[in-house]
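Take a moment to turn the model around on your screen before reading on. Then let us walk through a few of its features together.

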Amino acid sequence: MKVDSSVIAPRSTVLSTHVGVWWGLLGVLAFSFTLPFTRIALDGLSPLFVGSGRAVVAALLAGIALTVTRERRPTTAQWGRLAIVAGGVVAGFPVLTSFAMTTTPASHGAVVIGVLPAATAVAVVFRTRERPTRSFWIFASLGAVAAVVFAALQNGGLGSLTAADLLLFGAVIAAAIGYAEGGLLARELGSWQTVSWALIVAAPLMAALTVVSAVQQPPAATPVQWLAFAYLAAVSMFLGFFAWYRGLAIGPMAQVSQIQLVQPVMGIAWAALLLHEQIGWATAVGGLAVIACAALAVRTRLIAHRPTMPRREDS
């Protein structure tokens, strides 16, 4: 194996419990611009074009990287698992959030997606042997409930969830599954290799959707809108996953997934700075409630269990 490989080897050694957390935080920082930049891009591009086209551009970058480094091809079983990752984070999350952002503020979407850490933790438990403590689940569940209640009350009551909210919650489920499966695959294939192969798997479908969207609504974007689209393709869809899957691979995945708790805060801040969205008390309180619950979940996990960390193989 090459010296600079990012594959996480199965044998273990004691590493700092914060290594995975810092990698995860770097990935979350990259992802935190996704919703505001999606709103900017949608001013000149259709939601289907934004959701699918960014995956096509990212797949081209992935193909170049895989060709230059001459990475080994995944096994037959790994291809099937890569299809799950592709369905979750290459197709599901980008397309669903793009349509959601046509009718809801980016700040609102950022708080609703605050439920993602808890959803990822659930997916991780189903796919791994990690078993978080009872306190972890209590706080993670409270964060999920806070996000749902926030979305409902901001739209007029518990019976007033909008179509955009449903799209966002669907995006959360898709991303949670893709994150959990991708984190496991990153231990076998490497972090950037996993997202690269997933992009290749999804490329034919996403290319077809891009062509259809361009024919139905020809792109008519300004330079700023194209720059926003470029960020979504190169960073949100590609480079951000280098750090995120690296953090999940180091793990523990349930713990690292909770780093996403800072994403609503970042997303709301970027929405205010870039889109001049007004941040009302409901948005602020809802965001803080979600973040506080997720922060308690992370802290409980850290106190209750300090695992042996896997390390990368440098042979």
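R70 is exposed, because its relative accessible area is 75% and anything over 50% counts as exposed. You can find R70 in the loop between α3 (47–69) and α4. The backbone of R70 also deserves a look: its phi is near 55 degrees, a positive value in a residue other than glycine. Keep in mind that this is a predicted model.

Now compare a residue at the other end of the scale. Is A123 buried or exposed? With a relative accessibility of 12%, A123 counts as buried, because the cut-off for buried is under 20%. A123 is found in helix α6, which covers residues 116–127.

Here are the two residues side by side.

| Residue | Where it is found | Relative accessible area |
|---|---|---|
| R70 | loop between α3 and α4 | 75%, exposed |
| A123 | helix α6 | 12%, buried |

Which residues does A123 touch, once its neighbours within four places in sequence are left aside? A123 is in contact with A176, I177 and A180. For a feel of how the fold brings parts of the chain together, take A123 and A175: they are 52 residues apart in sequence, while their C-alpha atoms are 9.9 Å apart in space.

Next, follow the chain past R70 into α4. Helix α4 spans residues 76–100, and it packs against helix α9, residues 191–216. The angle between these helices is about 70 degrees, and their axes lie 8 Å apart. α4 and α9 are therefore roughly perpendicular to each other, since angles of 65 to 115 degrees fall into that class. The crossing of α4 past α9 is right-handed. On the α4 side, the contact is made by W79, L82, A83, V85, A86, V90, A91 and V95. The α9 side supplies T194, W197, A198, L199, V201, A202 and M206. What kinds of residue meet in the contact of α4 with α9? They divide into 14 nonpolar, one polar and no charged.

Finally, step back to the whole chain. The protein chain has 13 helices and two strands. It holds 315 residues, and buried ones make up 57% of them. Among contacts with a separation of 6 or more, 91% join residues 24 or more positions apart. The chain exposes about 13300 Å², and carbon and sulfur atoms supply 70% of that area.

Terms used
Residues are numbered from 1 along each chain as its sequence is written. This is a predicted model: local features need pLDDT of at least 70, side-chain atom pairs count only at pLDDT 80 or more; totals for chains, interfaces and linings use all residues. Side-chain values use heavy atoms; hydrogens and water are left out. Axes are lines fitted to C-alpha atoms, for helices over the stretch in contact, and angles run from 0 to 180 degrees between N-to-C directions. Helices (H or I, at least four residues) and strands (E, at least two) are DSSP runs, numbered from the N terminus. Angles under 35 degrees count as roughly parallel, over 145 as roughly antiparallel, 65 to 115 as roughly perpendicular and the rest as oblique. A crossing is left-handed if the near helix is turned anticlockwise from the far one by less than a right angle, and right-handed if clockwise. Contact means heavy atoms within 4.5 Å. Ala, Val, Leu, Ile, Met, Phe, Trp, Tyr, Cys and Pro count as nonpolar, Asp, Glu, Lys and Arg as charged, and the others, Gly among them, as polar. Buried means under 20% relative accessible area, exposed over 50%, partly exposed in between (1.4 Å probe, protein chains only). Accessible areas come from the Shrake-Rupley method with a 1.4 Å probe; for residues, only the protein chains shown count as cover.
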